[in-house]
Amino acid sequence: MPSAPALQFDVVIAGGGFAAVYCARALARGLGDEARNRVALVADQNFMVFQPMLAEVVGASLSPRHVVNPIRRLCSGVTVLRGSISSIDLPAGAMQVNAGDFTGNVSVEFKHLVLTLGGIVDLSRVPGMTEHAFLLKNVGDALKLRSTIIDRIEEANLTSDAAAMERLLRFVIVGGGYSGVETAGQIRDLGDEILGLYPRLPKELFRVILIHSGPHLLPEINESLGRYCEENLKGRGVEIILGSRVSGMTASKVYIGERSFETHTVVSTVGNAPHPMLVSLCSDNSIELDRGRVVTDDTLKVKDHPGLWAAGDCAAVPMPVKNAPVSEPVKAASPFTPQPFCPPTAQFAVRQGTLLGKNLASVLGGKGEVESFKFTGLGELASIGHRAAVAEIMGMQFSGFFAWWLWRSIYLMKLPGLERKLRVLMDWTLDLFFPRDISLFQSRPTQRLKGMRLEVGDILFHAGEPAFSFYIVKSGRIDLRNPDGTPAKSVYPGDHFGERALLHDRKWQFTAIAAESTELVAISAGVFDSIIDADKSIRDFLLTTAASH
Ligand SMILES: Cc1cc2nc3c(=O)[nH]c(=O)nc-3n(C[C@H](O)[C@H](O)[C@H](O)COP(=O)(O)OP(=O)(O)OC[C@H]3O[C@@H](n4cnc5c(N)ncnc54)[C@H](O)[C@@H]3O)c2cc1C
């Protein structure tokens, strides 16, 4: 089959977070009507997540609807392509984008590439963490954590075993950065507000413990606000352990050096790691990385690679010095003095994305004038619980309701469109007068029976369709036929099929028809992947059987 022609753009923005969206908006402003044909934004979700507010979803003080924004609305001036970038060939100026199960990879070509892919979470260095810790990176994580907290409280309410009750009501948060302090504050407030509904539960058993490896909280910002935040959280009953690292965990215990706590709920906000695609792109093309971030100059261009730009968490952008020549980066004298590169925070990602878009529009428009990144930060705000935040703006520190109100007002200003602003404002106003929604919302889709029965002539799948399962025949017989209808193989009781498609291109090569009344068990592609990742001998065995088909 001839391959589909590539989509071609002057600029492709890889990613759909703050840096990407603000870059696309600046390009749309700079290029006007031309932007839609010249600029594409490629992101694996069609909405942007406002990560700084995820902790409020955990604490049930914000609806998940209010922390996401449709990228098509935010970036209506450019082409938006929803798909996962699977590879980038920089010398060829092309990337492969996977749009979904029913279409193959689409080739997207570019003259300029903007890297705004953020980072990933890698917890593999702490034994047990990958398996047991809860994360907070996207809306799904926030909803899962919220329902788990409520579930733990419900379970504690039903047990008469005092030790089990303690374990269920103890919540440990690892990492004292933005997301750690926000999550600790939110869980504390959620417990305080709803425990009154559970008269069987002694309030003092509900404990929230925040563990941070550094000497003060909020290492992304400054020490004084970190100390301020620590006092505030302690005052509200959060226990804080500084200068300690988690060394391991099981389903019921977390180890911190010599100490340990019995708990079933550990939230990890650490383990940020470079995006693997960026790491391989940089090593294949000799691009400089600083601790996994792509090094740019102060105009957001990647050095020695014309047409390559980067911004946001995945970029190491020189931090401008206040009242100094902008190109001179700050020298890092100790771990507590400013780093030479901008911090990985939303306010920097937004400013970098906007400047990058402006500079690119100037290059594409033929002017070629590019500006340097001059932003050094407006101040800092971190929400630390229900209707409470800590802030430092223009050297002044404050906390409580005013800081929190400021925090929400800034968010509201950033929402696209009057209608959305009004809807969110109305919901927030109503929330001020009513208690949190603590219904135990779990996305539990109805479980389908994994076993199935086919009658003679029933078709299980057609050649060319996407493969979602691996099958084991319990009784009867399945015939596999080539696309031209000729027989390929028959599968009998105790035998299996599907591994070849799942291990390779996830497409069926054969059509499967029941030759007799047949009983099958289907194992989903996700479970299949977990099994072969976990056990090399099973993987090797299936690779051998796949090759023999
Ligand atoms: C819980 C939490 C709380 C935070 N609180 C604060 C705060 O209070 N203040 C603050 O300033 N900062 C905060 N931050 C940090 C802030 O959210 C980040 O600095 C910011 O999101 C970085 O933006 P970005 O665009 O660089 O990356 P991201 O927002 O991470 O965006 C990366 C994008 O790339 C997409 N992507 C990745 N891989 C692919 C692929 N293969 N194909 C297609 N698309 C892909 C992702 O889906 C995503 O859309 C917080 C972060 C978290 C997680």
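Okay, let's start at the ligand. In this predicted model, 32 residues surround the ligand, and the closest are Gly17, Gly118, Ser179, Gly312 and Thr345. Which elements give two or more residues to that shell? They are helix H1 (18-31), strand E2 (39-43), helix H3 (54-58), strand E6 (84-89), helix H8 (178-194) and helix H11 (346-364).

What about the chemistry of the shell? By class, you're looking at 17 nonpolar residues, 12 polar ones and 3 charged ones.

Now, domains. The assignment for this protein lists domain 1 (7-119 + 273-375), domain 2 (129-270) and domain 3 (451-548). Note that domain 1 is written in two pieces, 7-119 and 273-375. And where does the ligand shell come from? At least three of its residues come from domain 1, and at least three from domain 2.

So let's look at those two domains together. Taken over C-alpha atoms, the centres of domain 1 and domain 2 are 33 Å apart. Their contact takes 16 residues from domain 1 and 17 residues from domain 2. On the domain 1 side, H3 gives the most, with 5 residues. You've met H3 already, since that helix also gives two or more residues to the ligand shell. The domain 1 side of the contact splits into 12 nonpolar, 3 polar and 1 charged.

Next, the sheets. One open sheet has 3 strands in the order E22-E23-E24, paired antiparallel. Which strands are at the edges? Strand E22 (379-385) and strand E24 (396-400), each with a single partner strand, so one side of each has no neighbour in the sheet. From one strand to the next, the twist averages 10°. If you want to zoom in, E22 and strand E23 (residues 388-393) are joined antiparallel over 6 bridges, and Glu380 sits opposite Glu392 in E23. Here's a link back to the ligand: H8 lies across E22 and E23, at about 30° to E22, and H8 is also one of the helices in the ligand shell.

On to the other open sheet, with 4 strands in the order E25-E32-E27-E30, again antiparallel. Here strand E25 (451-454) and strand E30 (496-497) are the edges; each has a single partner strand, so one side of each is left open in the sheet. Further in, strand E27 (residues 469-475) and strand E32 (residues 518-524) pair antiparallel over 6 bridges. Phe470 has Ile523 in E32 as its bridge partner. Helix H15 (residues 525-534) then lies across E27 and E32, running at about 65° to E32.

There's also some pairing around strand E31. Strand E26 (residues 459-461) meets E31 (residues 511-514) in the antiparallel sense over 2 bridges, with Phe461 opposite Ala512. Strand E28 (residues 478-481) is antiparallel to E31 too, through 4 bridges, and there Arg481 stands opposite Thr511.

Last bit: how confident is the prediction? The mean pLDDT of the protein is 88, and 93% of its residues reach 70 or more. The stretch to flag is 324-338, where the pLDDT is below 50. In the model, that stretch has 20 contacts beyond near neighbours in sequence. Those residue numbers fall inside the second piece of domain 1, 273-375.

That's the tour, thanks.

Note on methods. Residues are numbered from 1 along each chain as its sequence is written. This is a predicted model: local features need pLDDT of at least 70, side-chain atom pairs count only at pLDDT 80 or more; totals for chains, interfaces and linings use all residues. A residue is near a molecule or strand if its C-beta atom, placed from the backbone, lies within 6 Å of it. Ala, Val, Leu, Ile, Met, Phe, Trp, Tyr, Cys and Pro count as nonpolar, Asp, Glu, Lys and Arg as charged, and the others, Gly among them, as polar. Domain bounds come from an automatic or database domain assignment. Two residues are in contact if their C-beta atoms, placed from the backbone, lie within 7 Å. pLDDT is the predictor's confidence in each residue, from 0 to 100. Two strands pair if DSSP finds at least two bridges between them. Axes are lines fitted to C-alpha atoms, for helices over the stretch in contact, and angles run from 0 to 180 degrees between N-to-C directions.
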